[in-house]
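Trainee: Please give me a close look at one topic here, salt bridges, and then at the surroundings they belong to. Take it slowly, since I am new to this.

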Amino acid sequence: TGYITGKAATIYDNLFATMVQSYGPESRGGACSTQLIVSDKDVTYPIVAHPDILVVMSQGAYNKYSSELKPGGLMLAEEDMVVIEEPRKDIKILKIPASKLAEELGKRMVANIVMLGFFTAKTKVVSEKAMQEAIKSSVPPGTEDLNIKAFLKGFNYGA
């Protein structure tokens, strides 16, 4: 999702972006991380110490990365996969049942694309059109329609 967002920003919205990814041995379904910086100016340093926005799709990711979100930041969380027992008072938390919405489309695997739609609607970091173009050019051939439906499901939920 970080790659697709960076592609949307740089190729389709003419912004600047850098991305750093970190995958542990549990990269499927575990606490992996993508740090993405999007700016209207050159990005001179690619590491994010305290992000403005944090997207968490799993409990492991929440447990590992939630404390890094800066005060005043925005957390987008998968509501069925992430339990937030003591929410921080200094951040805004928005939840979406991305997995459930993806299952309604017949493929739980597109939950990350549902989250991209929600992210796009709530943050406006990149345009809706740019994100759709980046999705179409990034997903496996033959899955473009499903992924755009997933994006729109998340976008409409966020709108």
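Mentor: A salt bridge is counted when a side-chain nitrogen of Lys or Arg lies within 4 Å of a carboxyl oxygen of Asp or Glu. The background is plain: side chains of opposite charge can pair when their charged atoms come close. Keep in mind that this is a predicted model. The structure holds 6 salt bridges, and I will go through some of them.

Start with D90 and R88, whose side chains meet in a salt bridge at 2.9 Å, N to O. Are these two residues buried, exposed or in between? D90 has a relative accessibility of 34%, so it counts as partly exposed. R88 stands at 26% and is therefore partly exposed too. The reason is that partly exposed covers values between 20%, under which a residue is buried, and 50%, over which it is exposed.

The next pair is D80 and K100, with 3.9 Å from N to O. This bridge links distant parts of the chain. D80 sits in the loop between β4 and β5, while K100 belongs to helix α3, 20 residues apart. D80 has a relative accessible area of 41%, so it is partly exposed. K100, at 43%, is partly exposed because it falls in that middle range as well.

The third pair stays inside one helix. K136 and E133 form a salt bridge at 3.2 Å, N to O. Both lie in α5, 3 residues apart, which is about one turn of the helix. Why does that spacing suit a pair? An α-helix has 3.6 residues a turn, so residues three or four places apart point the same way. K136 has 37% relative accessibility, so it counts as partly exposed. E133, with a relative accessible area of 28%, is therefore partly exposed.

Helix α5 also has a buried side. Its residues A130, M131, Q132, A134 and I135 are buried. What do the buried residues of α5 pack against? They pack against α1, α4 and α6. I135 shows this in detail: leaving aside neighbours within four places in sequence, I135 is in contact with I4, I113, L116, N147, I148 and F151.

Those contacts lead to the largest nonpolar core, which has 29 residues. I113, M131 and I135 have the most contacts inside this core. The elements that give two or more residues to the core include α1, α5 and α6, along with the strands β4 and β5. Helix α4 supplies the largest share, 8 residues. Apart from this core lies another, of 11 residues, among them L54, V56, M75 and V82.

Two other residues round off the accessibility scale used above. S33, found in strand β2, has 14% relative accessibility and so counts as buried, the cut-off being 20%. Beyond its neighbours within four places in sequence, S33 is in contact with V20, Q21, S22 and Y65. G60 is placed in helix α2, and its relative accessible area of 33% is why it counts as partly exposed.

To return to the topic of your request, D90 and R88 pair at 2.9 Å, D80 and K100 at 3.9 Å, and K136 and E133 at 3.2 Å.

Key: Residues are numbered from 1 along each chain as its sequence is written. This is a predicted model: local features need pLDDT of at least 70, side-chain atom pairs count only at pLDDT 80 or more; totals for chains, interfaces and linings use all residues. Side-chain values use heavy atoms; hydrogens and water are left out. Helices (H or I, at least four residues) and strands (E, at least two) are DSSP runs, numbered from the N terminus. Buried means under 20% relative accessible area, exposed over 50%, partly exposed in between (1.4 Å probe, protein chains only). A nonpolar core is a set of buried Ala, Val, Leu, Ile, Met, Phe, Trp, Tyr and Cys residues joined through side-chain atoms within 4.5 Å. Contact means heavy atoms within 4.5 Å.
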